[in-house]
Amino acid sequence: MNIYLIAIAVLPVIVLAWVVYRGDKYEKEPLGKLVKAFLFGALSIIPAAMMERVLVQFTPPFPVVSGVYTGFVVAGCSEELWKLLLLMLAVWKSREFDEYYDGIVYACFVSLGFACFENISYVFGQQAFSDALVTGSVRAVLSVPGHFLFGVMMGYYVALAKFDEGHRKGYLLMAFVVPMLLHGTFDALLMVPESMESGAEIVSGLLFIVLLWFDIRLWKWGVGRIRRLQELSKEQNSDRNNPFRGFTWNF
C-alpha cells in the first residue's frame, strides 16, 4: 500500500475525529466506547451496501430523476438508516452517554468510521496513482466532511431524544430524516449531471456552485448544533455540581 494514499484517505477522518473529541469539554468519552462507535460505523457499510444493491435495481430510467433517486433513496436513505441503527446499538443504553454533547461525539465517530472505510475503498479502487490522488483530495474536502456533518445532525437529534422522553419518537425520526435529506441533497447535486446524456457539462458546473453554497450552509448548521449541545451539556454539569440540587425550602 502506498503511504501517501493511506494518509490522504485516513488523515481527514483523524482530524475531524480530533475536532469533535476536543469539543467534549466536561467529561471525555472512554476510548473504548469511541473505538466501538467507530467500528460499528465501519460495519454499517455492509448492510448499507446490501440495501443499496437492492434499491439501485429500481432506479427510474429517466435523466435527472435517476440522479435524484440515487442520491436520496439509494445513498442517503440506506447509509443514514444503517448508521443510525448501528449508533443506537453501540451506545444508546451506555451509561457513558450521560450528557447532550455525547450524542454528537458518538454519532460523528460512527459516521467517520463509515467514511474512513468508504474513503479507503474509493481511493484504492482507482487504477492510476494520479486518479487515486485526485479522488482522495476531492473526498477529503467534500465527502468526509459531509459524513461528519451528517453525523453532527444525527447526533443532535439522538441527544435530544435521549434526554427528552416526551418527544423521543419524534426526535429519533428526525435523527434519520434530517441527515438523510441533507445527504440526499449533497449526493443528488453530484449525481444529476452523471445521469444526463447531453448538457451535463453546463449543468454540472451550475450544480457544483450550488453544492459549494450548500456545503457552506451545512457547516454553519453543524457548528450551530455543536454549540447548542455544548451549552446544554454545560447546564447539565452546572446542575450536577450544584450542592443545593434537589433541595427545597419548606416554610
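A residue counts as buried when its relative accessible area is under 20%, as exposed when that area is over 50%, and as partly exposed in between. Keep that in mind, because R228 has a relative accessible area of 37%, which makes R228 partly exposed. We'll come back to R228 once we've looked around. One thing to know before we start is that this is a predicted model.

Let's begin with the overall build. The chain has 9 helices and 0 strands. Walk along from the N terminus and you meet α-α-α-α-α-α-α-α-α. How compact is the chain? Its radius of gyration is 20 Å, close to the 18 Å that the globule rule gives for 251 residues, so the chain is as compact as a globular protein of that length. Taken along the principal axes, the box filled by the C-alpha atoms is roughly 80 × 40 × 30 Å.

Now for what is inside and what is outside. Of the 251 residues in the chain, 47% are buried. The accessible surface adds up to about 13500 Å², and carbon and sulfur atoms account for 66% of that. The contacts say something about how the chain comes together: take those between residues at least 6 apart in sequence, and 81% of them join residues at least 24 apart.

On to the charges. The chain carries 21 positive and 22 negative side chains, and the centres of these two sets are 7 Å apart. Side chains of opposite charge can pair when their charged atoms come close. How many salt bridges does the structure hold? There are 4, and we can visit some of them in turn.

Start in helix 4, which covers residues 65-91. Here the side chains of K83 and E80 form a salt bridge, with 2.9 Å from N to O. The two residues are 3 apart in this helix, so about one helical turn separates them. Are these partners buried or exposed? K83 has 0% relative accessibility and counts as buried, and E80 is buried too, with a relative accessible area of 0%.

The next pair links two helices. R139 and E118 meet through their side chains in a salt bridge of 2.8 Å, N to O. R139 sits in helix 6 (residues 129-141) and E118 in helix 5 (residues 100-123), so this pair ties together parts that are 21 residues apart in sequence. With a relative accessible area of 10%, R139 is buried, and so is E118, at 12%.

Now back to R228, as promised. Its side chain meets that of E231 in a salt bridge, at 3.6 Å from N to O. Both belong to helix 9 (residues 200-240), and since they are 3 residues apart there, about one helical turn lies between them. R228 is partly exposed at 37%, and E231 counts as partly exposed as well, at 44% relative accessibility.

One last stop is D102, back in helix 5. D102 has 0% relative accessibility, so it counts as buried. Which residues does D102 touch, leaving out those up to four places away in sequence? They are D24, E27, E29, E96 and F97.

Conventions: Residues are numbered from 1 along each chain as its sequence is written. This is a predicted model: local features need pLDDT of at least 70, side-chain atom pairs count only at pLDDT 80 or more; totals for chains, interfaces and linings use all residues. Side-chain values use heavy atoms; hydrogens and water are left out. Helices (H or I, at least four residues) and strands (E, at least two) are DSSP runs, numbered from the N terminus. The radius of gyration is taken over C-alpha atoms; the globule rule is 2.2 Å times the number of residues to the power 0.38. Buried means under 20% relative accessible area, exposed over 50%, partly exposed in between (1.4 Å probe, protein chains only). Contact means heavy atoms within 4.5 Å. Accessible areas come from the Shrake-Rupley method with a 1.4 Å probe; for residues, only the protein chains shown count as cover. Lys and Arg count as positive and Asp and Glu as negative; His and the chain ends are not counted. The place of a charge is taken as NZ of Lys, CZ of Arg, CG of Asp or CD of Glu.
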